[in-house]
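Trainee: I'd like a close look at one part of this model, the place where the two chains meet. Start there, please, and then follow the pieces that build it back into the rest of the fold.

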Amino acid sequence: MPVNTPDLVGAADLLSALQAGYTWLEVHVAQVNALNVFPVPDGDTGTNMALTVRAALDEARGQEWTSVSELARAVAHGALMGARGNSGVITSQILRGFARGLDGYKEFNAAQAAHALSEASATAYKGVMKPVEGTILTVVREAALAGTQAVAQGADLAGWLTASLQAAQHALEQTPTQLPVLAEAGVVDAGGQGFVFLLEGIKRFMMGETRELVVPAMVITEHHVLEDSTYNFDTQFIIHGQALDVNAIRERIAEFGDSVMVVGDEQAVKVHVHCDDPGLALSYGITQGRVTTVIIENMQEQFEAFNQPPSIKPTETAFGKVGIVAVASGDGLAQVLTSLGVSVVVPGGQTMNPSTQDLLVAIDSLSQDEVIVLPNNPNIILTAEQAKAIASRQVVVVPSRTIPQGIAALLAFNFQADLDENTATMSEACNNVETIEVTRAVRTAQVNGFKVEEGQLIALLNDDLTAVADSMEQVIDEVMAKMDLDKYELVTVYYGKDTTAEQAEAMAADLQNKYPALAVEVLDGGQAHYFYIISLE
Amino acid sequence: MSENVTTGTIKVSPRAIASIASQAVLSCYGVVGMSSTRLVDGIAEVLQQGSYHRGIVVRRSENRITIDLYVVIEYGTRISEVAQMIMQSVKFAVEKSLGMPVAEVNVHVQGLRISSDD
């Protein structure tokens, strides 16, 4: 870690700087996500950018890099493979341009850095026919421009960083004047904000302004570190506030357990501790500020899972020749899928966004030569097609758009039939299932002719917004009323992470009473975001 | 695509829908052009401004609107993500303008544009 900003940056420092940028972005992911201007909670800018940069850095891990040129190229390649969402693709283009700018160099100075950032901006702009100003593109461009000007006036690396970041921040503040939708929502552009955090993290690291944020965050999110701890719960959260005292927080947290890692600054502190009562740590955290990104895991279970790489291990299936890969958004759902014969379940994560790589790894882990992939989400169908194109074995994608469709497809699977026949029957089965998803709107908007207020409950029928209401009962009533219930016999309710079993049972009993002709079943899906996923057959 | 209003009907031509769709597609990140729907000698023809509608096929049956887009994407971007964005943007733009649901948006990647310095 440089104490004085050096004049020449080598591969090792570049990698550390990029990691610092990633860490700073990751700490602020929730803040970036909150700037989105659409009502449905999946596919957020902050998460997408962070995941993309993380994939980029994963590609660079585990090697000794001797030239910035090669390091940058590897990082760009990782970003390409792991790009998620619009912002992720643009970020991958930025990294690609940056790598091109550093082509051939072992180290780089201020002038070369300025050139690389200009290339990054140019490549980003090339990726679209009608660049929209007031987005991340504007922010990168302004940063590159200011950086180049600073260097032309004789600035060193520190000067280049300061000028670029300042211009980026200024451009970000201007984005509402360029895009009316931002002004209406009263926010700056999310992608631009993400980029500013990346650049800020890099600048702070290079100028020695933060010494602690670099390595620890990467370690925490990997869970590769298996400490011999006597405590039960791996507890992590982030505290957002003002004038936070990192040292004081660390001292207090240390009283709860061991493996304490508390890092951050006055506005954001990331806490990690192994303790027996996570509630105590959280309660303390809440007294210090706003607590987000809470992760509490039972370490005993983690230890057991560590010894068998989770969910990429194929279970024994009776299906012989054909393996099945499916994506699930919750533990309960994963279990249901496995019980129905799925060989490998790929966790979709919070935003149902596994990368092509994730699917490929799952496909390759099977022993069968023929594989069927059930994406269970419209976002993933294309990723699945891409994995199919790259995979060496025979892969067929049955385009299931929801978990209930995936389940219907599984039930239609016939291990005695061949791959083509199964594809046909499974695809048809998908179409015979209706899926209702109930969640909460994260923003006020108008969709499908409905006026939605933030915080209201919304019900989606096969991905279309169909009902809006203030109470769970009402929204479900409304959506059910819109359906021709004579066509259906079986209703399966999968309740998510944010719903209790009691609530689900009560809702199901209510449904059963209202519609006695339907058979209602309740299962624990464990999915994030959606209180209920309901399938009708 | 027609709605019955008390004083008459509103009919929106496929060509008009294609225009709305093309504006949405072209503002998607990663899209660098529209392409012809047919490959001549295995090569897609990149369409010039004014002919973009030739890269878009709008079909309707009863109340189902299906839109097929033929695009050229920038080499080096993650195609699945770009295509996903296209589908969402076009669906959103057309539904918002028409007030009618779009049943399907299909993306056909006819080619990749390789920039001069790759």
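Mentor: Sure. Keep in mind that this is a predicted model. At the meeting place, 26 residues of chain A are in contact with 22 residues of chain B. On the chain A side, two elements give two or more residues each: α5 (85–101) and α17 (378–390). Helix α5(A) makes the largest contribution, with 9 residues. Sorted by class, the side of chain A that touches chain B has 8 nonpolar, 11 polar and 7 charged residues. As for confidence, the model scores ipTM 0.74 and pTM 0.51. Chain B averages a pLDDT of 85, and 93% of its residues score at least 70.

Let's take α5(A) and pick one residue from it. I94(A) sits in this helix, and it counts as buried because it has 26 C-beta neighbours inside 10 Å, where 20 or more are needed. What does I94(A) touch, leaving aside its neighbours within four places in sequence? Its contacts are A120(A), T123(A), A124(A) and V140(A). You can also check S118(A), which is 24 residues from I94(A) along the chain, with 9.5 Å between the two C-alpha atoms.

Now the other helix, α17(A). Just ahead of it is the loop between β7 and α17 of chain A, and N376(A) lies in that loop. Have a look at its backbone: phi of N376(A) is positive, about 60 degrees, although N376(A) is not a glycine. N376(A) counts as buried because 31 C-beta neighbours lie inside 10 Å.

For contrast, try A243(A), another residue other than glycine with a positive phi, near 50 degrees. This one is in the loop between β1 (233–240) and α12 (246–254) of chain A. A243(A) counts as exposed because it has 7 C-beta neighbours inside 10 Å, and the cut-off for exposed is 12 or fewer.

Go back through the N376(A) loop to β7(A), and you land in a sheet. Four strands of chain A form this open sheet, in the order β6-β5-β7-β8, with parallel pairing. Its edge strands, each pairing on one side only, are β6 (344–347) and β8 (394–397) of chain A. On average, neighbouring strands are turned by 20 degrees against each other, direction ignored. Inside the sheet, β5 (residues 322–328) and β7 (residues 370–374) of chain A pair in the parallel sense over 5 bridges. If you want one pair to display, A326(A) has L374(A) in β7(A) as its bridge partner. Then add helix α19 (residues 419–431) of chain A, which lies across β5, β7 and β8 of chain A and runs at about 15 degrees to β8(A).

Finally, zoom out to chain A as a whole. Its secondary structure comes to 21 helices and 16 strands, and of its 537 residues, 50% count as buried. Among contacts in chain A between residues at least 6 apart in sequence, 67% join residues at least 24 apart. So, for your figure, I'd show α5(A) and α17(A) against chain B, then the loop with N376(A), and then the β6-β5-β7-β8 sheet of chain A behind that view as a separate panel.

Technical notes:
Residues are numbered from 1 along each chain as its sequence is written. Chains are lettered from A and ligands numbered from 1 in the order in which they are written. This is a predicted model: local features need pLDDT of at least 70, side-chain atom pairs count only at pLDDT 80 or more; totals for chains, interfaces and linings use all residues. Two residues are in contact if their C-beta atoms, placed from the backbone, lie within 7 Å. Ala, Val, Leu, Ile, Met, Phe, Trp, Tyr, Cys and Pro count as nonpolar, Asp, Glu, Lys and Arg as charged, and the others, Gly among them, as polar. Two strands pair if DSSP finds at least two bridges between them. Axes are lines fitted to C-alpha atoms, for helices over the stretch in contact, and angles run from 0 to 180 degrees between N-to-C directions. pLDDT is the predictor's confidence in each residue, from 0 to 100.
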